[in-house]
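Visitor: I'd like to poke at some of the labels here. Could you put the model up?

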Amino acid sequence: MNLSGEALRCHPSIILENSIQILVPIVVILFVARRFDISVIAALISAALVLAVLFNYRQWKMTVIRFGETDVVIERSTLFKLKKTLPYSKIAAVNVNRGIVNRLFGTSRLMININSGHNAMAPEAALTFKRDMADRIRTELSQRLYQHELPVEESGETLVSFSPADVVLHSLFAVPTLQNLLGALFLVNSVYELYLSVATDAAAGGSALISLGMFFLVQVVPSVMQLFRYYNFKVYRKGDVIYLQHGLVRTYRTSFPISKVNAVRVKSTLASRLLHRSCIEAEVVGIATNDGNGNTRPVICLLKDDATIQRLLGELVPEFVYERWPSKQPSGARSVLRVRTIIASLALVAVMAYPSLIIYGDEAPRAGMMALSPFVLPALTALAVLAFVGAARASYRIRELDIGEELFTFVNGILDRETVIMSYDKVQMVWVVRGPIARRFDVASATVYMLSSTGTKNVSSGLFPESELKRIGDIVMERIASGKYDPRRSGA
Amino acid sequence: MDGEGADGRREEAGGYRRLNRKCMRSMYIGYGIAYAVLVVMFLSIMSFAGDALGPARNAAWMLGAIILILLLAYVAVAPRIYYSRYRYMITDDKVDVRYGIVVLRHILVPIERVHQVEVSRGPINNMLGLGRVNITTAGGVATISYLEIDEAEKVADRLNRLVGTLLRDRV
């Protein structure tokens, strides 16, 4: 097939897919509202289904797609007219994924993302075609984008094999630590409430169920979503293009050129560090994902042991590997963190003192666990102060800065740690910031702004000497002035 | 060596430029309006809902009063500090802005990364003949604030010219 400008329509199965999407919330609302009896609900649902199908049929019929010489044009001539032109030169990636409806009808969804920070969370076009046709279109578009052809059925050898156990570990332990703690808190509370209801021979209270529901929402659902999303994970590189394949129910095939990668993050949560594992994410312009955990960057390696991670970095993204000589924060940073901790602790104590005194002074009789209530707030305040002290000590120990010739690195994170390796050529702005305490101890922090997978992204450093941080901006300028920065090569 | 022009704007050694003194007037007016709104909101909340605080009512009054006095002190001194610290410089390859009242910021934007330049004016700045230049990059927006409108237009023209030259050279 040639992208010859002939008018195409999506596969008619999108009428069903879109109608179901409209219908589901209507059905839920009707059942939750419980305003009507079942026959009325059935009639309303049938009417809604007919209307949705008619509406989507008309949308499908009146929407045509033309793959021209220089751009793809999507034109819809319904009441809400649309003409969307996506120049090939602005397209960042063309990817394919398949859900249940796609599998039933033998179709694929072609997702076209452009180099835009605006609307980055959703692809600029999601077009459903017969599977072979979607693959052929993707191949031809990829040829234009990456100057080489993609095989219709990509069959690259994955650089690292990921067993189902690896996927399960990733699903469980790549969840941010605070989210895990919150989930555990809800679980403990629901168990405690259930225990109370059994011990007192009362019916299980609603709060136990709410806590259990929150535990599922915060902990179980994100983990299951990750499990489904990353099952059968494969990653490989051909030439300058990185390919990802994964998915259990909905399958994802994603590819992007290395020039679109602005930064690479090696991430580890507290739990994964205990297992000596970390994962790799890439900040890819124009590709935003949502794995159910609030993470929007494509994961290019699931949680793996540290040696594998280092090997994969070298094989998959050697452009982001260099010999690092990281600097630790100077002693001035320790002083700044100490002063900040003291101020935060004093503020917290001042705020908590009044309610603590009121509860302590309340002479109402208390029995059982309630007898401890006057001490709960002071104890929580003391714990929070200890947490501040611990966080300050960890922050001083962990944060690193490394300024290389082509790349630079920030290491951040107390519970969930991340090493962000960035290219000077992708830096859009540099802010060097000095607060009043930092000025007193002669340190500053830097914030680097880049284009990210979801628009703009900034990464902040720890506290380092101002002169050292200013070198980042100086090197960016030097590279531009000396011609080392090539806007074509860097995908700008 | 520093030099002050008839327009109240000064150029410093090293190529940095300072703002016109009118920026302080704009900030005083803006801060004054915001402060008045805050005072009215606080008084309204305490009058209508203060009783709901019960014994904590007096403490809330005291806390609110302390915060308002501190804010008033800030409003009184902040524009002067802002003016005295603000510096900006535009060269053929970068935009460099230094400013800050409590926290000092040094922003560096390579001209190479500039996507869009925009001059905007709010009602107070419009009244005083001031404007701001918003410099948009793919990674966010940097702003040069409180420029006289002629100067803002000149800065925007210069930036647009530099970006245009860069793009032409690239082709």
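Guide: Sure, vocabulary up front: helices (H or I, at least four residues) and strands (E, at least two) are DSSP runs, numbered from the N terminus. This is a predicted model, where local features need pLDDT of at least 70, side-chain atom pairs count only at pLDDT 80 or more, and totals for chains, interfaces and linings use all residues. Residues are numbered from 1 along each chain as its sequence is written, with chains lettered from A and ligands numbered from 1 in the order in which they are written.

Visitor: Where is A:Q310 found?

Guide: A:Q310 sits in helix α9 (residues 306-316) of chain A.

Visitor: Why is A:Q310 called partly exposed?

Guide: Buried takes 20 or more other C-beta atoms within 10 Å of a residue's own, exposed takes 12 or fewer, and partly exposed is in between, with C-beta atoms placed from the backbone. A:Q310 has 14, so it's partly exposed.

Visitor: What makes β1(A) and β2 of chain A a pair?

Guide: Two strands pair if DSSP finds at least two bridges between them. β1(A) and β2 (residues 63-67) have two bridges, in the antiparallel sense, and A:A7 stands opposite A:R66 in β2(A).

Visitor: Which strands form the open sheet, and in what order?

Guide: The order is β1-β2-β3-β4 in chain A, with antiparallel pairing. β1 (7-8) and β4 (82-87) of chain A are at the edges with a single partner strand each, so one side of each lacks a neighbour in the sheet.
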